[in-house]
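Subject: Structure handover

Hello,

Here is the structure for your use. My notes on what was found in it follow below.

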There are 2 protein chains.
Amino acid sequence: MTKTAGANAVDERLFLQSVARALDVLEAFAQSPRPKSLGEIAAATGINKSAAQRIGQTLLARGYLERADSGGLTLGRKLLDRSFDYLRSNPLIERATPVLMELRKLAGERIDLSLFDDTSTIYAIRLQSKRETFYATLPGRRIPSFLSSGGRSCMAHMADEAVDDLLMRSNRRALTPKSRTELPQIWEKVREARAEGYSWAAEEALIGEVVLAAAVLDSDRQPIGAVHIAGSLSEWSIPDFRRRFSPLAIEAARALSV
Amino acid sequence: MTKTAGANAVDERLFLQSVARALDVLEAFAQSPRPKSLGEIAAATGINKSAAQRIGQTLLARGYLERADSGGLTLGRKLLDRSFDYLRSNPLIERATPVLMELRKLAGERIDLSLFDDTSTIYAIRLQSKRETFYATLPGRRIPSFLSSGGRSCMAHMADEAVDDLLMRSNRRALTPKSRTELPQIWEKVREARAEGYSWAAEEALIGEVVLAAAVLDSDRQPIGAVHIAGSLSEWSIPDFRRRFSPLAIEAARALSV
DNA sequence: ACGATCGTATCGTGCGCCAATACCTGCTCG
DNA sequence: CGAGCAGGTATTGGCGCACGATACGATCGT
């Protein structure tokens with residue numbers, strides 16, 4: 001449970017305990033999304049049963065929790081509304097959508113837009129390819145920045161110290177046997193991304209998958225996200241894939257920058 | 001702002017005011033997703049500036065709000081995590097994903113999975129078609145049940161009185177000139193859906209679009225969602241579209257039921 | 001029949017939140 | 001140039017909301 005410390009710290013006296021607890025309850029489902037009883041919620045969040053009851057009832061009344069068939073509580077549909085509002089509110093996503101649709105038509109492969117969020121990277125928009133058979137590539141998924149091509153392409157636009165700092169704070173756990181977890185290996189990819197203008201990764205997050213990504217920059221030239229193109233190694237060699245799609249990703253990312 | 005009244009009412013004494021207010025703040029962005037100042041938030045939610053400040057700081061610290069460039073507050077990326085958790089937690093979505101992917105490969109048109117939520121219908125999964133050019137079809141979008149093919153296909157599985165009740169509670173505002181807003185017109189479509197096993201709608205939500213949908217039922221034979229297939233009227237005549245895709249939608253919905 | 005665990009309900013107390021207020025800063029006016 | 005406004009930030013005393021212990025009936029599995 002990273003506390004999002006430092007970046008946006010807040011005066012303790014302005015911090016609402018009950019609101020934070022309510023968020024704790026919702027976040028408790030991140031670890032295991034199964035329905036939970038009041039007792040489980042209390043245990044998972046470290047609050048007592050009474051508080052869990054009150055928070056549960058409140059979130060239930062508002063639709064952020066729902067009764068499960070089992071009698072327990074599950075996450076509620078209202079959460080989708082809030083994430084919809086977020087997607088609408090983000091100007092990058094608004095202007096990215098048509099560009100990404102066009103890109104997918106052109107490339108014919110899966111296109112993702114990821115948002116750079118420090119040590120992790122969030123897939124915000126996912127446009128499946130025609131022959132996609134991989135399991136649930138849901139929007140909202142987070143991937144560690146250090147092993148995603150999108151994260152590395154963003155790091156390529158950061159100062160060396162900032163990259164080092166990010167990598168030090170990352171929990172560098174491998175997702176596949178091919179995941180690069182050692183600092184020199186990752187730095188090598190970051191430098192490559194700086195030279196080439198994009199980054200690529202083969203089977204570092206998912207076996208059989210090759211991805212390349214180019215960073216999207218804001219008006220201060222800071223990376224805010226990346227455009228990904230993902231394909232299957234059963235259909236492409238890595239050199240062919242890079243040669244064919246890297247110009248497309250770079251061009252799309254450039255169009256979305258600033 | 002429907003209050004989700006009745007369905008899950010709650011003892012007032014267990015209702016946490018500050019949690020509800022925090023949710024009010026997040027929901028305030030639904031009306032207009034632009035960044036808001038503390039004053040705007042206070043005005044939009046009916047709380048005073050002090051409370052808005054405290055709630056804002058708390059949600060900011062947790063990542064559910066972020067500072068906008070302008071200095072105001074916007075929705076935060078953390079909202080995407082919660083909606084991701086919801087999607088993972090919903091068993092229908094889990095088992096639907098591979099089926100829908102297969103369906104899209106087969107149909108070649110846009111596929112949606114919607115969740116039936118009383119007077120409105122939420123698009124939970126959206127698989128774009130190759131030639132999709134329509135503007136941003138984001139997941140989490142809500143459409144009134146009465147004019148969506150998915151909503152009507154769900155109504156077809158409800159008792160007459162329940163349908164009447166739902167329609168009476170709906171705000172039957174047209175989205176396009178072709179939207180059916182009068183009760184007899186809607187009932188006609190519901191009866192048609194009962195007879196055919198699916199429902200269709202042409203240009204009732206979006207000009208140039210034809211959609212058909214079949215309901216997904218739970219173990220109690222209650223409708224919980226629908227499988228949609230959407231195409232463009234520039235490519236299909238309505239009879240051709242119905243003839244070709246209705247069996248696919250019905251079959252997929254049946255596979256997902258129970 | 002039983003203990004365990006579920007959700008629900010009650011209640012007195014304490015402290016966490018309330019709202020008013022003041023402060024500082026950067027605007028945009030006249 | 002200074003008044004005026006709206007922005008975010010910080011402080012405070014007092015009230016009332018939320019706290020947590022506790023108890024209740026229902027439903028399980030044994």
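Val211(B) has Ala230(B) as its bridge partner in β8(B). This is a predicted model, and the values below are all computed from it. Ala201(B) is the residue that stands opposite Val211(B) in the pairing of β6(B) with β7(B).

The strands around that residue are as follows. β7(B), residues 209–217, is joined by nine bridges to β8(B), residues 223–232, and the two run antiparallel. They form a hairpin with five residues between the strands, and Arg221(B) in the turn has a positive phi of about 65 degrees. With β6(B), residues 199–202, β7(B) pairs over four bridges, again in the antiparallel sense. That pair is a hairpin too, with six residues between the strands. In its turn, Glu203(B) has a positive phi of about 60 degrees.

Is β7(B) largely enclosed by the rest of the structure, or is it open? Nine of the nine residues of β7(B) are buried, so the strand is largely enclosed by the rest of the structure. The cut-off behind this is a relative accessible area under 20%.

Strand β3(B), residues 110–117, comes out in a similar way: seven of its eight residues are buried, so the rest of the structure largely encloses this strand. β3(B) pairs with β8(B) over six bridges in the antiparallel sense, and in that pairing Ser114(B) stands opposite Ala226(B). β3(B) also pairs with β4(B), residues 120–127, over seven bridges, and the sense is antiparallel. Here Leu113(B) is set opposite Ile125(B) of β4(B). β3(B) and β4(B) make a hairpin with two residues between the strands, in which Asp118(B) takes a positive phi near 60 degrees. As general background, strands of a sheet pair through backbone hydrogen bonds, either parallel or antiparallel.

Next, the sheet in chain A. Six strands form an open sheet there, in the order β5-β4-β3-β8-β7-β6, with antiparallel pairing. Its edge strands are β5(A), residues 142–144, and β6(A), residues 199–202, each of which pairs on one side only. On average, neighbouring strands of this sheet are turned by 30 degrees against each other, direction ignored. At the β5(A) edge, β4(A), residues 120–127, pairs with β5(A) over three antiparallel bridges, and Ser120(A) stands opposite Pro144(A).

Two helices lie across strands of chain A. Helix α5(A), residues 91–107, lies across β3(A), β4(A), β7(A) and β8(A), and runs at about 150 degrees to β3(A). Helix α9(A), residues 238–256, lies across β6(A), β7(A) and β8(A), at about 25 degrees to β7(A).

One residue of β3 in chain A may be of use to you, namely Arg110(A). Which side chains does the side chain of Arg110(A) make polar contacts with? One is that of Asp112(A), at 2.9 Å. Another is that of Glu209(A), where the polar contact is also 2.9 Å. Arg110(A) has a relative accessible area of 3% and is therefore buried. Asn90(A) is 20 residues from Arg110(A) in sequence, and the C-alpha to C-alpha distance between them is 22 Å.

On the cysteines, the count of disulfides over all chains is zero. Cys154(A) has a relative accessibility of 1% and so counts as buried. Cys154(B), also at 1% relative accessibility, counts as buried as well.

Last, the relation between the two chains. Chain A is superposed on chain B by a rotation of 180 degrees with 0.0 Å of shift along its axis, at an RMSD of 0.0 Å. The two copies are thus related as by a two-fold rotation axis. In chain A, the C-alpha nearest this axis belongs to Val19(A), at 2.5 Å from it. Both copies use the same surface: 99% of the contact residues of chain A recur in chain B.

Regards

Note on methods:
Residues are numbered from 1 along each chain as its sequence is written. Chains are lettered from A and ligands numbered from 1 in the order in which they are written. This is a predicted model: local features need pLDDT of at least 70, side-chain atom pairs count only at pLDDT 80 or more; totals for chains, interfaces and linings use all residues. Side-chain values use heavy atoms; hydrogens and water are left out. A disulfide is a pair of cysteine sulfur atoms within 2.5 Å. Buried means under 20% relative accessible area, exposed over 50%, partly exposed in between (1.4 Å probe, protein chains only). Two strands pair if DSSP finds at least two bridges between them. Axes are lines fitted to C-alpha atoms, for helices over the stretch in contact, and angles run from 0 to 180 degrees between N-to-C directions. Contact means heavy atoms within 4.5 Å. Copies are superposed by least squares on the C-alpha atoms of residues with pLDDT of at least 70 in both. A polar contact is a pair of N or O atoms within 3.5 Å; within protein, one must be able to donate a hydrogen and the other to accept it, and residues adjacent in sequence count only if both atoms are side-chain atoms.
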